[in-house]
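The report below describes how strands and helices are arranged in one protein chain, and where its buried residues lie. Please keep the sequence and the coordinates at hand while reading.

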Amino acid sequence: MKPQLSQILVENYNLNEDILAEAQRVREEKGGNIGDILVQQKGISETQLLEALSNQFELPYWPILPLENIESEFIAKVPIQFLKKYFMVPLEYEKPITAANCGLSSRSGTDADKQVAPPGHVIAINDPLNFHALDDLVRLIGLTDFKLVLSGRETILSAINLQYDLRRDSAEELVQNMEENGSDILSEIEETADLLDDTSEAPIIKLVNHIISQSIKARASDIHIEPYQHSFTVRYRVDGILYDLLTPPKWIQPALISRIKVMAKMNIAEKRLPQDGRFEVKVGDQSIDLRVSTIPTAFGERVVLRLLNKSGSLLELTDLGLSRERLKTIKDLVASPNGIILVTGPTGSGKTTTLYAVLQSINKPDINIITIEDPVEYQIKGISQIQVNSKIDLSFARGLRSIVRQDPDVILIGEIRDHETAEIAVQSALTGHLVFSTLHTNDSASAITRLVDMGVEPFLISSSVLAVAAQRLIRVLCDDCKKPYKPSKIYLESIGVSPNHFNADHIYKAVGCDKCIGTGYRGRLGIFEIMVLTQKLKSLILETYDSNQIQSAARREKMLSLRQDGIQKVLKGVTTIEEVLRVTQK
């Protein structure tokens with residue numbers, strides 16, 4: 001006779017009798033599974049529940065489901081919603097599964113190479129009592145021989161999403177299918193919660209869903225739909241570089257753009273004026289916010305979608321790519337009670353991300369932080385964030401005037417664009433506030449010139465500005481395929497690296513593999529030029545605001561330039577010489 005689940009949990013996992021009694025009361029009132037109720041009430045963890053079920057039903061518990069080299073032929077027969085509803089997934093393996101493959105060796109001390117399943121079919125389930133659903137699954141697939149294992153809900157959902165995404169029709173196949181049908185394909189159906197759950201047969205919906213999901217999978221930041229005279233191209237930007245994704249026939253263009261405008265709740269009849277919209281999708285466990293912008297061109301509307309992954313956590317200061325010395329400099333600066341700290345760089349150079357990381361580092365209950373941004377890209381808990389709105393005349397300057405009456409300790413201004421905003425920022429810094437903002441200049445010294453051009457007096461700049469940091473984003477080498485090499489002596493000297501300080505193991509070149517979609521790079525880091533306004537620089541600003549003179553003086557004060565910081569990352573094996581030259585060329 002099988003022991004009861006509650007008995008196993010009390011005896012083996014020290015489950016409190018009062019918590020068990022409360023769970024049993026909830027089950028009598030509302031129904032449900034006693035194990036699920038205990039997990040929801042945090043009486044036990046899901047792992048403890050699965051280990052207890054493994055003991056009760058004599059089924060193996062796999063903490064990890066091996067997802068390499070799996071076959072996914074079943075997905076044409078089984079709806080994804082069925083598997084997600086009952087938390088079960090069939091897997092077919094070409095090779096034997098070892099204890100290490102499914103996470104058993106580290107937990108139980110089992111020999112890592114011990115075989116726990118032969119090649120063939122495995123069905124992972126979360127609840128052994130769902131035997132009716134299991135019977136239906138086995139009948140749908142037509143299995144006669146398989147191994148049954150227990151696994152966690154998130155682990156099973158990840159396996160489901162991966163297989164359905166891998167086996168989804170390619171963009172080219174979808175386009176071919178549309179060309180064969182050639183009928184009216186525009187459909188104004190609202191987007192489902194999860195793109196992978198969308199079972200719509202309309203080819204245009206499938207194509208748009210595929211473009212978005214593939215872009216998310218490739219870690220793209222933007223999707224471009226660009227019309228030309230006889231064709232149109234879909235491209236995506238990965239790590240700052242645009243790559244071609246698809247070139248469908250010209251006749252698909254209006255339907256594709258209309259579908260995106262429907263999703264973004266834009267006016268599909270208006271094709272002569274620029275429009276902005278937004279919508280949100282889920283792909284598996286990722287929540288993505290998409291901002292849509294359309295402009296009319298000679299050959300149709302051009303569309304750009306900006307992708308913001310809301311599931312990803314905000315970066316910490318230590319994740320930005322700052323060296324130890326520069327990290328200490330930043331921490332010292334943000335500890336100041338008042339003053340202005342500016343971050344400069346072109347659009348898309350990571351200025352906002354850096355400022356968010358800084359705010360995260362000082363965000364405490366005893367500090368009042370207020371921001372005004374255009375737009376608010378990520379919500380930060382504990383910080384009041386204001387969105388600029390030109391339709392109601394809520395500009396940076398007008399919002400800033402109201403912010404200073406809200407008793408803030410720290411103010412973040414999304415961007416200093418005009419004299420009025422700059423003036424209020426300076427006055428705020430001089431009256432005891434710490435102010436962060438961004439400027440569009442190429443280097444740190446040019447920020448001083450820009451402020452003077454806006455009409456800020458040099459003596460106010462030298463009194464209020466603490467530091468200016470210029471930054472760029474460089475692509476990071478893919479660890480799976482980067483290859484060491486020895487550059488020529490002339491090449492090293494041209495970028496200011498002495499061959500005497502060169503170590504062949506530390507300089508790498510990009511190669512390209514499946515993990516980095518053939519680019520040789522995966523992810524990005526910042527390179528920084530931090531100009532702290534020392535007493536000498538402040539005195540110089542009172543005499544001249546020529547950026548070249550300020551830059552030269554800052555270098556004499558031991559400021560590292562963007563290129564010098566980039567070369568340090570080359571010597572550490574983080575990136576390539578070509579990447580640093582691409583980003584820092586004048």
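## Strand β16 and its partners

In this predicted model, strand β14, which spans residues 369–373, pairs with strand β16, residues 410–413, in the parallel sense, and four bridges connect the two. Within this pairing I370 has I411 of β16 as its bridge partner, while I369 is matched with V410. On the β17 side, β16 is again joined through four bridges to a strand that runs parallel to it, and here V410 has L434 of β17 as its bridge partner.

The connection between β16 and β17 passes through helix α15, residues 419–430, and the three elements together form a right-handed β-α-β unit. In a regular strand, side chains alternate between the two faces of the sheet. In β16 both faces are covered, since V410 and L412 on one side are buried, as are I411 and I413 on the other.

## The seven-stranded sheet

These strands belong to an open sheet of seven strands with mixed pairing, whose order is β15-β14-β16-β17-β13-β18-β21. The edges are formed by β15 (384–387) and β21 (521–532), and because each of them has a single partner strand, one side of each is left without a neighbour in the sheet. Neighbouring strands are turned against each other by 20 degrees on average, with direction ignored.

## Helix α12 against the sheet

Helix α12, residues 324–334, packs on this sheet, where it touches β13 (339–344), β17 (434–439), β18 (465–477) and β21, and its direction makes about 60 degrees with that of β21. Which residues of α12 are buried? They are R326, L327, I330, L333 and V334, and seen down the helix axis they fall within an arc of 125 degrees, so they line one face of α12. An α-helix has 3.6 residues a turn, so residues three or four places apart point the same way.

The cover over the buried residues of α12 includes the strands β13, β17, β18 and β21, together with the helices α13 (351–362) and α21 (562–571). On the face turned away from the buried side, α12 carries the exposed residues R324, E325 and K328.

## The six-stranded sheet

Another open sheet has six strands in the order β9-β8-β7-β12-β11-β10, and its pairing is antiparallel. Its edge strands are β9 (241–246) and β10 (275–283), each of which pairs on one side only, and the twist from one strand to the next averages 25 degrees. At the β10 edge, β10 and strand β11, residues 286–297, are paired in the antiparallel sense over nine bridges, with R278 having R291 of β11 as its bridge partner.

Helix α11, residues 253–263, lies across β7 (220–227), β8 (232–238), β10, β11 and β12 (300–309), and runs at about 45 degrees to β12.

## Nonpolar cores

In soluble globular proteins, nonpolar side chains tend to be buried together. Here the largest nonpolar core has 55 residues, and W62, L83 and V89 are those with the most contacts inside it. Leaving aside neighbours within four places in sequence, V89 is in contact with L65, F74, V122, I123, A124, I156, A159, I160 and Q163.

A second core, separate from the largest one, has 39 residues, among them V388, V435, A447 and M454.

Note on methods
Residues numbered from 1 in each chain as written. Predicted model: local features only at pLDDT ≥ 70, side-chain atom pairs only at ≥ 80, totals over all residues. Heavy atoms only, no water. Pairing = 2+ DSSP bridges. Axes fitted to C-alpha atoms, helices over the stretch in contact; angles between N-to-C directions. Contact = heavy atoms within 4.5 Å. Buried < 20%, exposed > 50% of the residue type's maximum accessible area, 1.4 Å probe, protein only. Right-handed = clockwise from strand over helix to strand, strands pointing away. Core = buried A, V, L, I, M, F, W, Y, C linked by side-chain atoms within 4.5 Å. Arc of directions from axis to C-beta.
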